[in-house]
Amino acid sequence: MKHYFTKTETALWCGSALLITTAFMLFDRANPLTLAASLIGVTSLIFSAKGNPAGQALIVVFSVLYGIISFNSAYYGEMITYLGMTAPMSVFALISWLKNPYGSRTEVRVNRIHRRETAVMFAVSAGVTVGFYFVLKAFGTANLIPSTLSVTTSFIAVYLTARRCAFFALAYAANDLVLIFLWTLAALENSSCISVIVCFVIFFVNDLYGFVNWTRIYKRQNGEEQAIK
């Protein structure tokens, strides 16, 4: 494991952890659960960027902690999404990644989905979005529209993750942008939420790196298979 992470990945994780901790010390301090969730989340992203199933296991833990944080801020959409959808689907994704290793169980075989499946995915996500809109409205969810949009991007992200498609990272990046907006609204009333905003800004950068690295992994895996043939 000494050389498992590149210098770039090591610097990315260390820088992310430092910024998250600094933001927590400056703006929060009262909610250690936020710090724990953020550090676990960014660690899951660096493992996921490597195609390592450990990333999915950590996302399950992050989802539970984030669900609790969201409940405390009356973001019931986030709570329901992460506890009722992201966490269970991350378990499914973990199983999928473990069943489809490339060479060893520390790297998943990267997959591509076709246009027909993509169309079905968007159709199902539209149905999920409409359904969740009325559920969240009934719960009196704060900032209903962006909260509903977060459900959409989260569903697409976890679906693509389970299907081992590199675009899952871009879907999560889109979700990060929605969450940055959501928590910015919350920060207008409670400055401690600024630490959560910083967390998702860092997640956004890590997710972009994840997409870049998965593209490299896909090319390498297919190049090696072509060489064998």
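**Exercise 1. The second largest cavity**

Determine how the residues lining the second largest cavity of this predicted model divide by class, and which elements supply at least two of them.

*Solution.*
Step 1. By class, the lining of the second largest cavity divides into 6 nonpolar, 3 polar and 1 charged residues.
Step 2. The residues concerned are Leu45, Ser48, Ala49, Ile59, Phe168, Ala169, Tyr172, Asn206, Asp207 and Gly210.
Step 3. At least two residues of this lining come from each of H2, H7 and H8.
Step 4. The volume of the second largest cavity is about 60 Å³.

**Exercise 2. The largest cavity**

State how many cavities of 30 Å³ or more are counted, and describe the lining of the largest cavity.

*Solution.*
Step 1. The count gives 3 cavities of 30 Å³ or more.
Step 2. The largest cavity holds about 130 Å³ of space.
Step 3. Gly41, Ser44, Leu45, Ile59, Phe62, Tyr82, Tyr172, Asn175, Asp176, Phe200, Phe203 and Asp207 form its lining.
Step 4. Two or more of these residues are given by each of H2, H3, H7 and H8.
Step 5. The classes in this lining are 7 nonpolar, 3 polar and 2 charged.

**Exercise 3. Helix H3**

Compare the end-to-end span of H3 with the expected value, and list the buried residues of H3.

*Solution.*
Step 1. H3 has 19 residues, and at 1.5 Å a residue these should span 27 Å.
Step 2. The end C-alpha atoms of H3 are 28 Å apart, which agrees with that expectation.
Step 3. The buried residues in H3 are Gly55, Gln56, Ile59, Phe62, Ser63, Leu65, Tyr66, Gly67, Ile69 and Ser70.
Step 4. Just after H3, a positive phi of about 65° is found at Ala74.

**Exercise 4. The two pockets**

Give the volume and the lining of the largest pocket, then those of the second largest pocket.

*Solution.*
Step 1. The largest pocket has a volume of about 340 Å³.
Step 2. Its lining comprises 19 residues, with Asn72, Ser73, Trp183, Asn190 and Cys193 nearest the centre.
Step 3. H7 contributes the largest share of this lining, 3 residues, and by class the lining has 9 nonpolar, 8 polar and 2 charged residues.
Step 4. The second largest pocket contains about 160 Å³ of space.
Step 5. Arg112, Ile113, Thr118, Met121, Phe122, Ile156, Leu160, Cys165 and Phe167 line the second largest pocket.
Step 6. H5 supplies the largest share of that lining, 3 residues, and the classes are 7 nonpolar, 1 polar and 1 charged.

**Exercise 5. Salt bridges**

Identify the salt bridges, and say for each partner whether the residue is buried or partly exposed.

*Solution.*
Step 1. The count is 3 salt bridges.
Step 2. Lys50 and Glu9 form a salt bridge at 3.1 Å, N to O. Lys50 lies in the loop between H2 and H3 and Glu9 in helix H1, so this pair ties together parts that are 41 residues apart in sequence. Lys50 is buried because its relative accessible area, 14%, is under 20%; Glu9 is buried at 1%.
Step 3. In the pair Glu107 and Arg220, the closest N and O atoms are 2.6 Å apart. Glu107 belongs to strand E2 and Arg220 to helix H8, 113 residues apart. Glu107 is buried, at 14%, whereas Arg220 is partly exposed, at 36%.
Step 4. Glu117 and Arg163 form a salt bridge with the closest N and O atoms 2.5 Å apart. Glu117 lies in helix H5 and Arg163 in the loop between H6 and H7, so the pair joins parts that are 46 residues apart in sequence. Glu117 is buried at 19%, and Arg163 is partly exposed at 28%.

Conventions: Residues numbered from 1 in each chain as written. Predicted model: local features only at pLDDT ≥ 70, side-chain atom pairs only at ≥ 80, totals over all residues. Heavy atoms only, no water. 1 Å grid on protein atoms, 1.4 Å probe; cavity = no way out; pocket = protein on both sides within 12 Å on 5 of 7 lines; lining within 4 Å. Points joined across faces, edges and corners; volume = space filled by probe spheres on them. Helix = DSSP H or I, 4+ residues; strand = E, 2+ residues; numbered from the N terminus. Nonpolar A, V, L, I, M, F, W, Y, C, P; charged D, E, K, R; others polar. Expected span 1.5 Å × (residues − 1). Buried < 20%, exposed > 50% of the residue type's maximum accessible area, 1.4 Å probe, protein only. Salt bridge = Lys/Arg side-chain N within 4 Å of Asp/Glu carboxyl O.
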